[in-house]
Amino acid sequence: MTFNIRGLAVAGAVVAIGCPAFAQTEIKIGYALAPDSHYGVAAKKFEEVLLAESGDQFTVTHFPSSGLGGEREVIEGLQIGTIEATIVSSGTLANFVPDTGVFDIPFLFSGLDHARSVLDGPIGQEILAEFDNVGLHGLAWGEQGFRHITNNRNPIHTPADVAGLKIRTMENPVHLAAFDAMGAAPTPMAWPEVVSSLQQGVIDGQENPLSVIVSVKLNEVQKYLTISGHVYSPAVLLVSKPFWEGLDDSQKAAMEKAATEAVVAMRGYVDDVETSGVETLKERGMEVNALSSEEKAAFQTSIKSAYEGYYETYGQELVDSIVSFK
Ligand code: PAF
């Protein structure tokens, strides 16, 4: 009896030390890639900083590797409030906030610094605020890096090399228009189906940044990698608007700080993989070529007709102001 009472007292003390005396709010965060990817690293940093800043008012449960479904389904989950947070690419974003599509225009940004300064500057922040109109709240822009083409058919040097290539694109009209104009056979597909479709030969290739190609080990299902850098790939840290509106000011400030640091971690990962990724993929057996500036220019010329559509949709003034942004 004495033993039992002492045991209960010890157990009670452990519970008291181990758990805060207030109810914690659970944040389910879903993302398409593994815990050791740029998304996983950013989500972990988000959790660490949020818990430290809020005094453990939250718990964060991670659902990596599309554990909550494709990116479109996850965003819809945020809108109805069944999922609290996500890190997503711009793949399906234009279906929710059409203006985000402007960042998906190929050959728009000259490098990572240019893209980051546009996204962190007035143009990026104005578009980020538009998520509030559609049941979402944008915390910060992150990124994946520049997208490159992988395939199993042939090395790519000219637009003729992509003619008829069954290439998976994101469900993104801006990307689709570009690959159509190049003469490829673009196939929009949600990410969770991509690896098996490559394995089964349903598609010949896909395009993604080195951050994805390396972390997903696409070398296991793809032979050729062409460093085309044809388009920058933004990502965004989103929370559910119903969830956001239930937070007090200090909790919102903690989230904002956590998001800022998560983006620093994500960009750091991208910087590293942009430096080491090609060597890693060569070591894993991929045949790699980088487009020369003349070869790149030929791809730019091949999508002139798509550019006319982009100007019509987003306005040439906005596109030009992004291109010339310093
Ligand atoms: O290609 C995509 O759909 C995206 O880049 C991915 C891999 C899901 C990461 O957001």
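Here, buried means under 20% relative accessible area. The close-ups below come from a predicted model.

**View 1. Seven aromatic pairs turn up in this structure.** Take the pair made by Phe-103 and Trp-141: their rings meet edge-to-face, 5.5 Å centre to centre, with 85 degrees between the planes. Phe-103 sits in the loop between β3 (85-89) and α4 (112-120), while Trp-141 belongs to strand β4 (residues 136-151), so this contact ties together parts that are 38 residues apart in sequence.

**View 2. How buried are Phe-103 and Trp-141?** Trp-141 has 2% relative accessibility, so it falls under the 20% cut-off and counts as buried. Phe-103 comes in at 0%, so Phe-103 counts as buried too.

**View 3. Tyr-307 and Tyr-311 make another edge-to-face pair.** Here the ring centres are 5.7 Å apart and the planes are at 70 degrees. Both tyrosines sit in helix α12 (residues 304-314), and because they are four residues apart, about one helical turn separates them. What about exposure? Tyr-307 is buried, at 16% relative accessible area, whereas Tyr-311 is partly exposed, at 28%.

**View 4. A cluster of rings takes in Phe-103 and Trp-141.** Zoom out from the pair in View 1 and you can pick up the other members: Phe-109, Phe-131, Phe-146 and Tyr-232. Ring pairs are what link these residues into the cluster.

Note on methods:
Residues numbered from 1 in each chain as written. Predicted model: local features only at pLDDT ≥ 70, side-chain atom pairs only at ≥ 80, totals over all residues. Heavy atoms only, no water. Phe/Tyr/Trp six-rings, centres within 6.5 Å; stacked < 30°, edge-to-face > 60°. Helix = DSSP H or I, 4+ residues; strand = E, 2+ residues; numbered from the N terminus. Buried < 20%, exposed > 50% of the residue type's maximum accessible area, 1.4 Å probe, protein only.
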